[in-house]
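Trainee: Could you take a close look at one residue for me, and then walk outward from there to the rest of the structure? I'd like one connected account rather than a list.

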Number of protein chains: 2
Amino acid sequence: MSKSSVSKLVPKVPGVPGASRRQQYSASTKRALVDVAEELFTENGYAATSLDSIVAGARVTKGALYHHFSGKQALFEAVFERVEHDASRAIQKALKGHKDPWEKATAGLRAFLSVVQEARYRRIVIQEGPSVLGYERYREQEERSTFANVLDIVRSVLAAGQWELDEALQQTFARIFFGAMSSAGESVSSAEDPIVAAANVETAIGFILAGFQALAESGTDLVPGVTGVPDAPTS
Amino acid sequence: MSKSSVSKLVPKVPGVPGASRRQQYSASTKRALVDVAEELFTENGYAATSLDSIVAGARVTKGALYHHFSGKQALFEAVFERVEHDASRAIQKALKGHKDPWEKATAGLRAFLSVVQEARYRRIVIQEGPSVLGYERYREQEERSTFANVLDIVRSVLAAGQWELDEALQQTFARIFFGAMSSAGESVSSAEDPIVAAANVETAIGFILAGFQALAESGTDLVPGVTGVPDAPTS
DNA sequence: TATGCCGCCGTACCGACGGTATGCAACTGC
DNA sequence: GCAGTTGCATACCGTCGGTACGGCGGCATA
């Protein structure tokens with residue numbers, strides 16, 4: 001398998017019909033490279049995928065690859081951006097129409113759990129993203145897409161609880177939930193029965209949200225814990 | 001810098017005084033390899049660290065390396081195990097003496113936040129661990145050390161709330177908290193001011209724990225959410 | 001003490017991979 | 001038609017992980 005998804009040589013870039021013939025061909029090969037790269041990166045990982053195998057799958061040569069991308073990492077980043085973009089779109093779609101923050105959070109949770117079960121998202125974004133791109137670059141990429149969705153949901157929930165938190169603390173909450181759901185999603189996908197595992201995750205997160213609701217109804221305030229977490233040894 | 005930590009050629013393995021001269025030499029070089037590897041992996045990452053630079057730092061050759069390890073990945077795994085082991089010990093030490101589950105959780109949280117600020121733990125365990133070892137191997141390594149501590153804490157908290165959950169759900173809670181704290185720790189370390197960032201994390205997690213307490217006092221039960229999260233498209 | 005053995009490690013080498021330099025052919029604007 | 005540019009192929013290089021093999025030296029045995 002895996003050869004079936006390789007795009008045809010015939011240009012078919014319907015998004016840019018006004019482009020010249022040359023530009024259409026160029027966009028077609030570039031797209032073919034990203035397609036094949038996404039497939040192979042997902043299947044074998046970044047390090048185990050050779051550029052030769054990618055260009056062979058796209059039926060071009062390394063000359064074409066290095067014409068469109070500055071190197072292997074840049075190609076990975078193009079794949080990364082597309083996967084992130086698709087994921088973010090899917091989540092946004094699921095959020096649409098929900099007004100109640102708690103329902104919104106539940107819908108977002110389910111959408112995220114669905115996204116995180118895609119092999120390409122787990123492999124490319126969660127597993128290899130931080131390692132290949134470096135954490136800094138990984139973070140700034142992700143903050144413009146999926147993480148932004150999580151942050152949006154978190155803001156809604158916090159606003160529903162009448163808590164007024166500064167920007168940094170909201171970001172912290174979003175980080176926590178994002179990390180929690182990424183890790184949970186990873187374990188869901190590798191579970192024997194992903195269905196019940198996903199249900200467990202939903203139960204657990206739902207329980208945490210229920211705790212938020214309980215605190216909101218009782219009017220409990222946030223107590224800052226400036227108790228001073230010791231910083232790490234400089235080793 | 002970085003050359004200062006390279007061990008001397010003279011054997012100095014005080015842990016095994018009964019060993020023969022040969023064995024001492026052997027253990028010394030093996031230890032030197034792991035030391036240098038840990039340092040270089042932490043500083044430059046796995047892929048950007050060549051075996052030549054490692055053996056040069058340890059003042060041996062590749063023959064020695066391949067005598068002690070089956071390859072680069074095995075060497076990384078040795079480093080990984082040691083870093084994980086140290087981290088787990090540090091957390092266990094912090095947990096000692098605490099009887100109240102909530103205090104225990106707070107102490108564990110602080111210990112973890114401290115550990116996760118070590119550059120070697122973030123780089124080797126969190127960032128590159130899943131990518132280099134593969135998620136399966138990463139998980140089984142980690143479940144014997146740091147994750148076990150988190151699971152222990154989670155069990156305590158859940159037991160304090162009188163909730164009787166099955167094993168899978170407890171593991172799910174632990175996964176969630178582990179991922180949350182890993183992600184949070186990563187952002188703490190890369191923050192402009194890690195001190196206040198750590199305080200924010202403590203506040204946020206503390207708030208979630210407060211929600212647990214509120215639910216425990218009100219006797220709220222866990223409602224399983226078998227509402228069926230849709231599984232991913234097979235792409 | 002002599003000797004055979006084997007653990008420990010050095011040397012030399014290989015194939016594969018990421019990256020680069022260069023050339024050329026096809027398309028485009030004039 | 002013609003020069004210039006774009007898009008890509010070909011050939012090549014340096015580096016890296018990994019392997020084959022040899023030898024030196026400690027160590028148990030007679």
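Mentor: Let's start with A:Leu95, which sits in helix H4 (residues 72-95) of chain A. Keep in mind that this is a predicted model. Is A:Leu95 buried or exposed? Somewhere in between: it has 18 C-beta neighbours inside 10 Å, so it counts as partly exposed, given that being buried takes 20 or more. Setting aside neighbours within four places in sequence, its contacts are A:Lys104, A:Ala107 and A:Gly108. As for A:Leu215, that residue is 120 positions from A:Leu95 in sequence, and the two C-alpha atoms are 24 Å apart in space.

Now zoom out to the chain around that residue. Chain A has 11 helices and 0 strands, so if you read the elements from the N terminus you just get α-α-α-α-α-α-α-α-α-α-α. Of its 235 residues, 46% are buried. Take the contacts in chain A between residues at least 6 apart in sequence: 65% of them join residues at least 24 apart.

Two helices of that chain make a nice geometry check. The axes of H1(A) and helix H6 (residues 119-127) of chain A come within 9 Å, crossing at roughly 85°. That angle falls between 65 and 115 degrees, and the pair is therefore roughly perpendicular. On the H1(A) side the contact uses A:Glu38, A:Phe41 and A:Thr42, while H6(A) brings A:Ala119, A:Arg120, A:Arg123 and A:Ile124. By class, that contact has 3 nonpolar, 1 polar and 3 charged residues.

Helix H10 (residues 167-189) of chain A is another one to look at. With 23 residues at 1.5 Å a residue, it should span 33 Å, and its end C-alpha atoms are indeed 33 Å apart, so the two agree. H10(A) is also mostly covered, with 20 of its 23 residues buried.

Next, the partner chain. Chain B puts 57 residues in contact with 58 residues of chain A. On the chain B side, at least two residues each come from helix H5 (101-115), helix H7 (129-133), helix H8 (135-142), helix H10 (167-189) and helix H11 (194-218). H11(B) gives the most, with 19 residues. The chain B side of this interface divides into 30 nonpolar, 19 polar and 8 charged residues.

That leaves the DNA. Around strand C there are 23 residues, and the closest are A:Gly71, A:Lys72, B:Thr61, B:Gly63 and B:Ala64. Chain A supplies at least two residues to that surface from each of helix H1 (21-44), helix H2 (51-57) and helix H3 (62-68), and chain B does so from each of helix H1 (21-44) and helix H3 (62-68). The surface near strand C has 5 nonpolar, 11 polar and 7 charged residues.

Strand D has 22 residues around it, of which A:Thr61, A:Gly63, B:Ser20, B:Arg21 and B:Gly71 come nearest. Here H1 and H3 of chain A, along with H1, helix H2 (51-57) and H3 of chain B, each give two or more residues. H1(A), the helix you met crossing H6(A), gives the most to the surface near strand D, with 5 residues. That surface divides into 5 nonpolar, 10 polar and 7 charged residues.

Notes: Residues numbered from 1 in each chain as written. Chains lettered and ligands numbered in written order. Predicted model: local features only at pLDDT ≥ 70, side-chain atom pairs only at ≥ 80, totals over all residues. Near = placed C-beta within 6 Å. Helix = DSSP H or I, 4+ residues; strand = E, 2+ residues; numbered from the N terminus. Nonpolar A, V, L, I, M, F, W, Y, C, P; charged D, E, K, R; others polar. Contact = placed C-beta atoms within 7 Å. Expected span 1.5 Å × (residues − 1). Buried ≥ 20, exposed ≤ 12 C-beta atoms within 10 Å, placed from the backbone. Axes fitted to C-alpha atoms, helices over the stretch in contact; angles between N-to-C directions. Parallel < 35°, antiparallel > 145°, perpendicular 65-115°, else oblique.
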